[in-house]
Amino acid sequence: DTAAKDPRTAGHSLQSLLIMPVQRIARYSLLIERLRKKTPEGHPDHVLLGEAYDRMKMTVGDINDNIRQHESRAKMFDIAYSFVPPQRMLVAAHRSFV
């Protein structure tokens, strides 16, 4: 993997570099949850941190759903192109592998 050999990537592959921002969002969610737990209930930020955590949790859920949809569509693409000749009609925006 060329990216892993480049000194600017600190030995990370392209795939690991691409997933880092997604993983960071999940870590922010955990950080916000910890901050809320450590913030006294009477503090004005306690409610805001709770709202931020709820929104981050929804965002992480949406991201995970999108990743699953993409993986399912990629699987359909792999199946369609595993035939000889490739069966392009199997690949459509509304289709996914179940």
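This is a chat between a student and a tutor about the predicted model shown above.

Student: Before we start, what kind of model is this, and how are the residues numbered?
Tutor: This is a predicted model, in which local features need pLDDT of at least 70 and side-chain atom pairs count only at pLDDT 80 or more, while totals for chains, interfaces and linings use all residues. Residues are numbered from 1 along each chain as its sequence is written, and side-chain values use heavy atoms, with hydrogens and water left out.

Student: OK, how many helices and strands are there?
Tutor: The protein chain has three helices and zero strands, where helices (H or I, at least four residues) and strands (E, at least two) are DSSP runs numbered from the N terminus. Read along the sequence, the pattern is α-α-α.

Student: And is the chain spread out or compact?
Tutor: The radius of gyration of the protein chain is 20 Å, well over the 13 Å that the globule rule gives for 98 residues, so the chain is more spread out than a compact globule. That radius is taken over C-alpha atoms, and the globule rule is 2.2 Å times the number of residues to the power 0.38. Along its principal axes, the C-alpha trace spans about 65 × 40 × 15 Å.

Student: What share of the residues is buried?
Tutor: Buried residues make up 16% of the 98 residues in the protein chain. Buried means under 20% relative accessible area, exposed means over 50%, and partly exposed is in between (1.4 Å probe, protein chains only).

Student: Can you show me a buried one? Where is Thr39 found?
Tutor: Thr39 is found in the loop between α2 (14–38) and α3 (44–80), and Thr39 is buried, with a relative accessible area of 16%. Leaving aside neighbours within four places in sequence, Thr39 is in contact (heavy atoms within 4.5 Å) with Asp45, His46 and Leu49.

Student: What about the other loop, where Thr9 is found? Which residues does Thr9 contact there?
Tutor: Thr9 is found in the loop between α1 and α2 and is buried, with a relative accessible area of 14%. If we again leave aside neighbours within four places in sequence, Thr9 is in contact with Ala3, Ala4 and Leu17.

Student: Then is Ala10 buried or exposed?
Tutor: Ala10 lies in the loop between α1 (2–5) and α2, and Ala10 is exposed, with a relative accessible area of 64%. Phi of Ala10 is near 55°, which is a positive value in a residue other than glycine.

Student: Anything about Ser13, and how far is the C-alpha of Ser13 from that of Ala3?
Tutor: Ser13 has its place in the loop between α1 and α2, and at 26% relative accessibility Ser13 counts as partly exposed. Ser13 and Ala3 are ten residues apart along the chain, and their C-alpha atoms are separated by 5.4 Å.

Student: Switching topic, how many salt bridges are there?
Tutor: The count comes to three salt bridges, each defined as a side-chain nitrogen of Lys or Arg within 4 Å of a carboxyl oxygen of Asp or Glu. As background, side chains of opposite charge can pair when their charged atoms come close.

Student: Which residues pair up, then?
Tutor: The side chains of Asp6 and Arg8 meet in a salt bridge (2.7 Å, N to O), and Arg8 counts as exposed at 75% relative accessibility. Another joins Lys37 and Glu33 (3.8 Å, N to O), and a further one joins Asp65 and Arg68 (2.6 Å, N to O).

Student: Why are Lys37 and Glu33 separated by about one helical turn?
Tutor: Lys37 and Glu33 are separated by about one helical turn because they are four residues apart in helix α2. Asp65 and Arg68 are three residues apart in helix α3, and they too are separated by about one helical turn. As for accessibility, Lys37 counts as exposed at 60%, whereas Asp65 counts as partly exposed at 37%.

Student: Last one: what joins Val84 and Pro85?
Tutor: A cis peptide bond joins Val84 and Pro85, with omega about -5°, and Pro85 is found in the segment after α3. As for Phe77, its place is in helix α3, and Phe77 is partly exposed, with a relative accessible area of 43%. Phe77 and Gln87 are ten residues apart in sequence and 9.2 Å apart in space, C-alpha to C-alpha.
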